[in-house]
Amino acid sequence: MKKIVSAAMASVFLFGSLISFAGCKGKVKREHEVISATDKWYSCTEFDAASKCNALNYNNYHFWAPVVIGDKVVVTYNAYDDLYSGDPHDPICIFDSEGNLLKEFEITEELPMSTKLGVVEENGNMAVYFQSMGKLYKADINNTTYEIENTREIDLNGDTVQFSNCMASEGYVFAAGTKNGESFLYVIKDEEVIFSKKMFVEYPVIHGVTYKDGGFQLLNYYSLYFFDPEKLELKADGTAFAHSGVQEEIIGSDGRSYVKKADGIYVDDEPYVLYSDTDCNVYRFMLADLLEVTEDSIVLNLNITDYGTDTPQIMYLKKEASNPHAGKTVIRAKSYGNSIDSMTGEAIRQFNNSSKDYFVRYASVSQYFISDEEFSELYEKDFREEIISPEAADIYFGVDSLWWFQNEDCFVDLKNELQLDPDTYYTKITDSASRDGKLFYMPLAYWAEGLWTDASNVKDGAKGFTYDEYEQFVSTTGNGKDAMSQYFSREDYFIMCFSMMNDTWFENGKVNIANSEFESMCGYFKDNVPENPVITEEQIMSGDFVTVSGYEFSDTDPFLCCHLLGKYDDPVLLGLPTSDGRGPAAVISNSVAVSAVSDLKEGCIDFIKVLLSKDIQEKCKDNPINRTALPAIIDRAGEYFRYEYKMAGFTSESEAARYDYYFLTDEMKASYIANMEKVEVVSASDPSIRAIVYEELSEAYSGQKDIKDIEVSLENRLKTLYSEKYSK
């Protein structure tokens, strides 16, 4: 439901030109950074642990977080010969800093019927903790031969514990497990248990250990605990961000605290190194776990975001004596809201390596995922001040959400600069994103928002539904049930349909709410859509509900096509109900713009052209704006579903189909590509607009006002809102 819910908070209204933002006018004097040979630069060595180990020889495997010990990286995993059965395997893999596998072995070679818990560093040496029959053991690993030596039992004071794993820091070992059906934490120092206590967690696992403030911060999934070694106390310490990684903060070899953030590694809130100052694309990965920082190197463990894989990607960043980009002018790039994605990160890397004159340096504003509402509250005022100052970046990502600033005083018109070929790009989408023929941001990727059904259920050539057509469709194909109102409130459902028609409500620089289209839309929702979703959250959590068959809503990307298209003989994507029956909408998921104050426009345009190239666009996770890149992404989606089919343990295609898993066929691929041609409008909304529109509508729906009365009130309030936003 994650993507479906996001549709109700679609990106933006594209009508910033209604009133000129006077504060953006005028050029400002800017100074440009030129890279020096002495500026920090890191080369990169990267290797895939799974391909180096024997993991790929097993049908099922799971990796644990790697550990850096001296100049070695230790990677451990669990595996089974069969998918979910057969003999278990518990390998330990030791690599050097160049990615060479030095040795792979199993702890059962030392003690049968044993299970490893983790490899730790103690006084610069490697040791492994493992369990057997409820007992805990420790053994040394020879630093030269990598053989197991000197196995001994750790006294648990008579306890019998089923441990899950262990991690170590500063000579302390933290082991989590189950005793008498309850979760416990054991702390070991110098091979003696110095502390044990019940943990109020469902699954006793240690995902990260950070030494800070004289103690240790422990991560269990998203829950944080703090252990005080002096007082021997354990207490809850808040909640970790879901995307922050296993280790958000570590102590480097110099004793300083290093924090991994969205765009780089920081010390005292200042960048120690930005990822764009390395010869790698860290943004290919969902999580970047910081394993080690020394004066000359950084080690990261990255969980790759490419679908169908779950393996550690070890990345060694080595500081070079000189910066190979010396003499290049820095193009400053920022994103407001969330961090950049894999595709954008690779474009930055390729552009920086190929450009003779320019170097794109990226820094994020927000280090965590935020909503449109949070952006409005936290950053809109800051951006208003920044965009007209010498501190303005040259390039901004995600500016489709900055709808108050979509005008030529703030951003460059990209239409003539890019000269987009309709045979290469989805120009219907870029045209819809334009304003008065000017393109102030370039869409890079999108979700296709609409309703999927079989072509036999609608008339030939249909792109969407008028309200009358949709009522008839619901009564027949939906057997009287509207798939939208099953999951969405009237407010969210209304805003989605309203957002598809911004060209109707805001036309030629004027608000145009008081019209027959708005009246018919309000009337339809009042008469046909309940205030709250038919299916409750409790029913969704319990699974006690029946979905509407025959059609469904989706914010579609290629990785959903194998779920959706296989259900229908002749699948078609149609727009949500509107007054004119228009086609599906594009919800922009990635975009880029050039600041109007930038005097590095040539370099910025060259960079955007790299972003739009087929090679880069094929790395997109959503639908690419470059139509020639879509087939390769669909093929990658097909590979992902083959992997999912295997991991789910399905024995036949018919069994998989019962759970909406379908193998990609040439017909499905062709159908998906054809359906993307129907996407012709950009869905656009804003938190301020949504609040005003639905506040007025709620009075009409409750009977306090007539719909005609709220049209005038709504127009006046929107005009006032524009005036306030643009005059500040």
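The paragraphs below go through this predicted model from the whole chain to one sheet, one helix and several ring pairs.

The protein chain holds 21 helices and 37 strands, and of its 728 residues, 55% are buried. Among the contacts with a separation of 6 or more, 65% are between residues 24 or more positions apart. The surface that the protein chain exposes comes to about 30800 Å², of which carbon and sulfur atoms supply 46%.

A sheet is a convenient place to begin with local detail. Four strands, in the order E8-E9-E10-E11 and with antiparallel pairing, form an open sheet. Strand E8, residues 115-122, and strand E11, residues 148-154, each have a single partner strand and stand at the edges, so one side of each is left without a neighbour in the sheet. From one strand to the next, the twist averages 25°. Within this sheet, strand E9 (residues 125-132) and strand E10 (residues 135-141) run antiparallel and are joined by seven bridges, and Phe130 has Tyr137 in E10 standing opposite.

Helix H8, which spans residues 467-476, shows how burial can be read around a helix axis. Its residues Tyr467, Tyr470, Phe473 and Val474 are buried. When H8 is viewed down its axis, the buried residues fall within an arc of 115°, so they line one face of the helix. The general background is that an α-helix has 3.6 residues a turn, so residues three or four places apart point the same way. On the face of H8 turned away from the buried side are the exposed residues Asp468 and Gln472. The cover over the buried residues of H8 includes both strands and helices: strand E30 (442-454) and strand E33 (551-556), together with helix H9 (483-487), helix H10 (490-499) and helix H12 (516-528).

Helix H10, one of the elements in that cover, contains Asp492. Because the relative accessible area of Asp492 is 29%, and buried requires a value under 20% while exposed requires one over 50%, this residue is partly exposed. Asp492 and Asn532 are 40 residues apart along the chain, and their C-alpha atoms are separated by 9.7 Å.

The aromatic rings give another view of the fold. Across the whole structure, a search finds 38 aromatic pairs. In one of these, Tyr172 and Phe216 have ring centres 5.0 Å apart and planes at 55°, so the pair is tilted. This pair links distant parts of the chain, since Tyr172 belongs to strand E13 (residues 172-179) and Phe216 to strand E17 (residues 215-220), 44 residues apart. Tyr172 and Phe216 are both buried.

Tyr362 and Phe397 form an aromatic pair that is edge-to-face, with 6.1 Å centre to centre and 65° between the planes. Here too distant parts of the chain are linked, with Tyr362 in strand E28 (residues 358-364) and Phe397 in strand E29 (residues 395-397), 35 residues apart. Tyr362 counts as buried because its relative accessibility is 1%, and Phe397, at 3% relative accessibility, likewise counts as buried.

Ring pairs also build a cluster, linking Tyr467, Tyr493, Phe494, Phe498, Trp505, Phe518, Tyr524, Phe525, Tyr694 and Tyr701. This cluster leads back to helix H8, because Tyr467 is a member of the cluster and is also among the buried residues of that helix.

Conventions. Residues numbered from 1 in each chain as written. Predicted model: local features only at pLDDT ≥ 70, side-chain atom pairs only at ≥ 80, totals over all residues. Heavy atoms only, no water. Pairing = 2+ DSSP bridges. Helix = DSSP H or I, 4+ residues; strand = E, 2+ residues; numbered from the N terminus. Axes fitted to C-alpha atoms, helices over the stretch in contact; angles between N-to-C directions. Buried < 20%, exposed > 50% of the residue type's maximum accessible area, 1.4 Å probe, protein only. Arc of directions from axis to C-beta. Contact = heavy atoms within 4.5 Å. Areas by Shrake-Rupley, 256 points an atom, 1.4 Å probe, with all protein chains shown as cover. Phe/Tyr/Trp six-rings, centres within 6.5 Å; stacked < 30°, edge-to-face > 60°.
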